[in-house]
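Hi,

Here is the structure I promised to pass on. Have a look at it first, and then read my notes below with the picture open beside you.

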Amino acid sequence: MIIAQQKPIKDIAAMIADCKKVLLVGCAGCVTVCLSGGEKETEVLASSLRIMRRLQGNPLETVTYTATRQCDPEYIEALENLVKDVDAVVSLACGVGVQYIAERFHDKWVVPAQNTMFVGGSTAHGVWEERCGLCGDCILHRTGGICPIIRCSKSILNGPCGGSQYGKCEISKDVDCAWQLIYDRMKVLGKLDKLLEIQPPKDWSKSRDGGPRKAIREDVMIG
Amino acid sequence: MKTESKLQKLLDSGHFAVTAEIGPPKHASAHGIRHHAHMLKDYVDATNITDCQTAIVRLSSIASAVHILDCGLEPIVQMTCRDRNRIAIQSDLLGAYSLGVRNLLCLSGDHQKFGNEPSAKNVYDIDSIQLIYLMRRMRDEKLFFSGEPIKEHEPRFFIGAVANPFADPFEFRVARLEKKVEAGAEFIQTQCIFDMERFERFMEMVRERGIHERVHILAGVTPLKSWRAAKYLQTSVSGMIVPDDVVERLKKAEDPKREGIEICIEQIKHIRNIPGVHGVHIMAIAWEEVVPEIVERSGLFPRPKVE
Ligand code: SF4
Ligand code: SF4
């Protein structure tokens, strides 16, 4: 899922400094699971912003709503009545949600309350780690199910580089070397010889480097 | 494939090669590079020009190479995958060749986190093994990376790579070296060696697989100035093993700099007797002036001449 982290409250406050009334929109999707933009976080953010503004002698009125998903137009529709009389919308979704709201209500000031970070999952309670770089051409079958594109700091496809030591990456003792993990897993699988094959350069045109991407399923298209 | 590289001629004719390293400056003057090139020119067969080493912005390695050539010394241009995509790499290397550069060393490059632009966007479009393979193909099959033919004047570099016997997983290090040779590396320079025992074990595995017969291996050495420098390499540089007795020896020394030079000379003499090693690569980081003495006292002077 998408992992996002709320921006510092002073940054959010600065984006709506000249507003009297704002709508805060949470999302019940990924950002609820990573505890950064669900219903609870939306209410907490709204009240924090109100308190902050009251202390500044410039009270702020807030309205809150949590969409099932902000990355689907049908769930954005429900905001129609709520956005009418606010000066801005603060979206607590990932960047997709912010853009969907801005697109639907094109004359409304819409700001992001979150930094959308990566695609990953939780490894311990309260810890999320990046696992996929959305390259558009998955090679996990060649690397023991561990992604070198995103988990190796240099995206090496023929690793490990000379900085790998004691299982850690050269950039930090807190970062596992993806290629050590790949090596260990391939060893268990009895497939170390696979690592001797020279992996060709990656076709990044299937990644973001080919411009914005689109996925189409004609079988489910309507009309 | 024969190239116009003097280093290749020397290695191919069985000489024990000596290379050194020159780090370009953090400014726009070639004065220092030229000074070092003049100083080293009779003592080494070629010098590496680092490519923004540790991700610190420095005078370009190709521009530096031109100054070095001008001083009568053969450069080995280092090319990292960190800063350029495949378009820039090919363009820069065509340029380097047109300027007279004949040796190329392919490496992934230190992560930008270590340098003076830690918030830079890195590239890593291709990795070092892919770079070796693609350059070899460019030369031998006259094909650009894309597969498009090079109609004429393909760059004919003598292609090198690096190996680090001190990184992990150790058992895979020789396999990875072999992979670089398979990809097309013709000479290898190793990370600086302080742990001779581990290097000996590495070379044993290299010989078992016959890799030393397919590639020229130049063992890396670094003269240390102080025990603190040794300690720093031991604790803060990943992919390095510095045994405690090296640190201790420098600590006890009356003149640590002298001792550092002595250790380095001993290491070279030892390395010369390891079967399968075809040369040394002296990385005197910011201490280039000691290289002539080290070469001379290691019995590697004068350097052989090749036509
Ligand atoms: S190979 Fe590509 S798609 Fe597969 S996990 Fe890695 S980045 Fe994601
Ligand atoms: S140490 Fe491992 S994870 Fe880090 S850059 Fe090198 S190969 Fe990649």
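One term before we start: when I talk about domains here, their bounds come from an automatic or database domain assignment. Also keep in mind that this is a predicted model.

Let's begin with chain A. The assignment splits it into domain 1, residues 2–118, and domain 2, residues 134–212. Measuring from centre to centre over C-alpha atoms, domain 1 of chain A and domain 2 of chain A are 37 Å apart.

There is also a record to compare with. An unreviewed UniProt entry annotates residues 112–205 of chain A as "domain: Methylene-tetrahydrofolate reductase C-terminal-like". Across residues 112–205 of chain A, helix makes up 16% and strand 27%, and 29 Å lie between the C-alpha atoms at the two ends.

Now zoom in on ligand 1. Which residues are around ligand 1? You'll find Cys132(A), Gly133(A), Leu134(A), Cys135(A), Cys138(A), Ile139(A), Leu140(A), Cys147(A) and Ile149(A) there. Sorted by class, that shell has eight nonpolar residues, one polar residue and no charged ones.

While you're in chain A, click on Pro160(A). The peptide bond joining Gly159(A) and Pro160(A) is cis, with omega at about 0°. Pro160(A) sits in the loop that runs between helix H7 (148–151) and strand S8 (168–169) of chain A.

On to chain B, where a pair of helices is worth a look. Helix H5 (residues 128–140) and helix H6 (residues 170–183) of chain B have axes that come within 8 Å and cross at roughly 25°. Angles under 35 degrees count as roughly parallel, so H5(B) and H6(B) are roughly parallel to each other. On the H5(B) side, the contact is made by Ser128(B), Ile129(B), Ile132(B), Tyr133(B) and Arg136(B); H6(B) brings in Arg176(B), Lys179(B), Lys180(B) and Ala183(B). What classes do the residues of this contact of H5(B) with H6(B) divide into? Four are nonpolar, one is polar and four are charged.

Two spots in the loops of chain B are left. Chain B has a cis peptide bond from Asp168(B) to Pro169(B), with omega near -10°, and Pro169(B) is in the loop between strand S5 (158–163) and H6 of chain B. Then there is Tyr124(B), which is not a glycine but has a positive phi of about 45°. To find Tyr124(B), follow the loop between strand S4 (103–107) and H5 of chain B.

Happy browsing!

Notes: Residues numbered from 1 in each chain as written. Chains lettered and ligands numbered in written order. Predicted model: local features only at pLDDT ≥ 70, side-chain atom pairs only at ≥ 80, totals over all residues. Heavy atoms only, no water. Near = heavy atom within 4 Å. Nonpolar A, V, L, I, M, F, W, Y, C, P; charged D, E, K, R; others polar. UniProt positions renumbered as here; feature names shortened; annotations may be inferred. Helix = DSSP H or I, 4+ residues; strand = E, 2+ residues; numbered from the N terminus. Axes fitted to C-alpha atoms, helices over the stretch in contact; angles between N-to-C directions. Parallel < 35°, antiparallel > 145°, perpendicular 65-115°, else oblique. Contact = heavy atoms within 4.5 Å.
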